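Reader: I would like a close look at one part of this model, namely the open sheet and what surrounds it. Please begin with how far the model can be trusted, and then walk me through the strands and their connections.

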Amino acid sequence: MSESDVRAEVAPVPFADQFGGGDSEEPPGKPKRHPIWRDVPDHQWNDWRWQSQNAIRSVRQLKGLIAFSPEEMEAIGSLETEYKTAIPPYYFSLINPEDHDDPIRLQSIPSPLELTNPSGYELSDPLEEDKDSPVPGLTHRYPDRALLVTTHVCSMYCRFCTRKRATMVRGGWDSVSRNDERMVEYVRDHSEIRDVIVSGGDPLTLPITKLKFFLENLAAIPHVDVIRIGTRVPVTLPQRLFDQSLIDLLASVGKVWIQTHFNHPNEISAESAKVCMSLLKAGIPVNNHTVLLKGVNDSLDTMRKLMRGLLRIKVRPYYIFHCDPVIGAGHFRTSIWKGMEIMEGLRGHMSGLGIPTYVVDSPHGGGKIPVMPNYVISASDDAVVLRNYEGMLVRYQAEDKTLQSNDQGRTRGVSSLLQGSKSALIPENAERMIRRQMNLATVSAEEASSGCSSNDNGSSENDNGSSENETVPNSLIELGIKKKVAPGRKAR
Ligand code: SF4
């Protein structure tokens with residue numbers, strides 16, 4: 001059986017159904033092909049070499065596949081001399097050609113906006129990686145981690161790439177492969193480095209011998225615990241990972257984690273789901289980072305769908321990166337407030353497994369800084385006031401203080417939580433409280449019909465001490481602190 005036949009055998013057609021995607025709107029989606037590749041035999045379509053050889057690399061090719069205005073065509077034509085383009089047929093087929101703002105199109109097809117610098121703040125090396133580079137290609141920024149740029153080649157060139165000075169600019173960075181030994185030697189000589197990020201470009205585009213060189217040499221260094229491979233191959237060219245010999249190499253190293261990069265739920269296809277599962281089955285953890293991109297994924301609905309889609313294919317959402325101020329990518333940048341808004345709508349609303357950390361990569365090489373909505377509202381010596389996703393404000397008693405309230409109703413709101421006269425403020429009509437009240441109503445009705453009562457003073461109190469039939473003030477339910485009562489005794 002030829003290698004192509006083997007790949008044809010693992011054709012991904014039934015895979016969407018396996019994940020329950022398929023016909024539903026939830027990812028993974030069904031396999032797609034642009035009509036011009038309809039007649040390509042499966043064994044070629046599923047061959048990463050065919051996909052790479054037939055990648056769209058010029059404006060001339062694009063012109064025949066997607067509609068552009070004459071102005072757009074002129075602008076992206078002038079970009080061609082500066083920036084590389086590569087879009088494998090598989091990834092191109094995920095584009096809806098009728099939609100000018102299609103999220104896959106925006107990420108992969110050159111735009112006239114790349115000629116602008118909207119804030120005047122865009123830089124070629126916004127993270128100053130080159131300044132923290134003791135040997136060419138290696139960035140040593142954090143105490144225990146190092147980043148190795150092993151190639152400037154990618155299977156698809158993302159228009160927003162932070163490292164476009166190395167990856168997309170023609171002739172931008174050809175020094176990286178000449179200094180392989182020096183990067184590995186640097187890691188070997190620095191015993192504080194525990195986690196090595198093998199990046200690029202995309203390391204899974206390297207010839208297998210070169211990839212093996214990096215992985216085996218790094219894995220042999222005793223103080224290296226983790227080798228993270230940063231790759232978009234599962235997203236843009238999953239066919240590369242239909243090659244079992246590559247999976248076997250990654251698995252054989254033992255220390256490898258895959259850090260992949262899905263930005264939109266439409267990228268979670270049957271094929272990408274399949275290769276993520278192959279990696280997981282080989283014992284290789286797969287995490288994801290997403291870049292927050294204007295027009296692509298800067299909405300709560302899209303991000304929720306993306307994170308849920310990732311969980312469906314067992315990929316752990318790890319980071320949302322704020323888009324870096326890179327020359328030619330300023331049009332992708334959102335405000336940091338947009339990222340906060342999205343995080344507010346994720347935390348508490350979906351499984352914690354699906355909540356990435358939102359980070360801003362700091363100017364001047366300051367590294368990743370986590371940014372999130374504020375959940376600590378106020379504090380005193382005796383307590384901290386915390387907020388949950390519903391807007392509930394709750395007093396959290398200090399571990400070394402006893403509860404004493406001398407407030408006697410003199411203060412209100414957050415202050416009353418600090419003073420100890422209230423334990424929580426809950427928004428009126430909070431779904432959870434309505435559910436709780438309905439549960440209690442059901443229990444009360446059952447008790448009434450059986451002649452029982454929940455406590456001997458005849459009132460119905462929930463476990464926060466609030467009376468279920470008290471009048472709810474304006475927009476909040478206030479939960480007053482009550483003394484704990486031993487079972488069978490009346491509260492005084
Ligand atoms: S795959 Fe990664 S390195 Fe390559 S262009 Fe995209 S973001 Fe940049």
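Author: Since you ask about trust, I start with a stretch at the beginning of the chain: over residues 1-23 the pLDDT stays under 50, and for this stretch the model has 38 contacts beyond four places in sequence. A further stretch of this kind is residues 453-474, where the pLDDT is below 50 and the model has 29 contacts beyond near neighbours in sequence. This is a predicted model, and over the protein chain the pLDDT averages 86, with 86% of the residues scoring at least 70.

The sheet itself is open and is formed by nine strands, which follow one another in the order S1-S2-S3-S4-S5-S6-S7-S8-S9 with mixed pairing. Its edges are strand S1 (138-139) and strand S9 (367-370), each of which pairs on one side only. As background, the strands of a sheet pair through backbone hydrogen bonds, either parallel or antiparallel.

Within the sheet, strand S4 (residues 226-230) and strand S5 (residues 256-260) run parallel and are joined by four bridges, and in this pair Ile229 has Ile258 of S5 as its bridge partner. Helix H11 (residues 208-219) packs on the sheet here, where it touches strand S3 (195-199) as well as S4 and S5, and its direction makes about 155 degrees with that of S4. The loop between S3 and H11 contains Gly201, and the peptide bond that joins Gly200 and Gly201 is cis, with an omega of about 20 degrees.

Those two glycines are also listed around the ligand, where the residues are Cys154, Tyr157, Cys158, Cys161, Arg163, Thr167, Gly200, Gly201, Asp202 and Arg232. Sorted by class, this shell around the ligand consists of four nonpolar, three polar and three charged residues.

Further along the sheet, strand S7 (residues 316-322) and strand S8 (residues 357-362) also run parallel, here with three bridges between them, and Ile320 finds its bridge partner in Tyr358 of S8. Between these two strands the chain passes through helix H16 (residues 336-346), and the β-α-β crossover that results from S7 to S8 is right-handed.

From S8 the sheet continues to its edge strand S9, and these two run antiparallel, joined by four bridges; one bridge partner in S9 is Gly367, which pairs with Ser362. S8 and S9 make a hairpin with four residues between the strands, and in this hairpin His364 takes a positive phi near 60 degrees. Another positive phi in a residue other than glycine belongs to Glu128, at near 50 degrees, and Glu128 is placed in the loop between helix H8 (103-108) and S1, the strand at the other edge.

After the sheet, the chain forms further strand pairs. Strand S11 (residues 383-387) and strand S12 (residues 393-397) run antiparallel with five bridges between them, and Arg387 has Leu393 of S12 as its bridge partner. The two strands form a hairpin with five residues between them, in whose turn Gly391 has a positive phi of about 95 degrees. S12 pairs in turn with strand S13 (residues 422-427), in the antiparallel sense and over two bridges, with Ala424 of S13 as the bridge partner of Val394.

Conventions. Residues are numbered from 1 along each chain as its sequence is written. This is a predicted model: local features need pLDDT of at least 70, side-chain atom pairs count only at pLDDT 80 or more; totals for chains, interfaces and linings use all residues. Two strands pair if DSSP finds at least two bridges between them. Two residues are in contact if their C-beta atoms, placed from the backbone, lie within 7 Å. Axes are lines fitted to C-alpha atoms, for helices over the stretch in contact, and angles run from 0 to 180 degrees between N-to-C directions. A crossover is right-handed if, with the strands pointing away from the viewer, the path from the first strand over the helix to the second runs clockwise. A residue is near a molecule or strand if its C-beta atom, placed from the backbone, lies within 6 Å of it. Ala, Val, Leu, Ile, Met, Phe, Trp, Tyr, Cys and Pro count as nonpolar, Asp, Glu, Lys and Arg as charged, and the others, Gly among them, as polar. pLDDT is the predictor's confidence in each residue, from 0 to 100.
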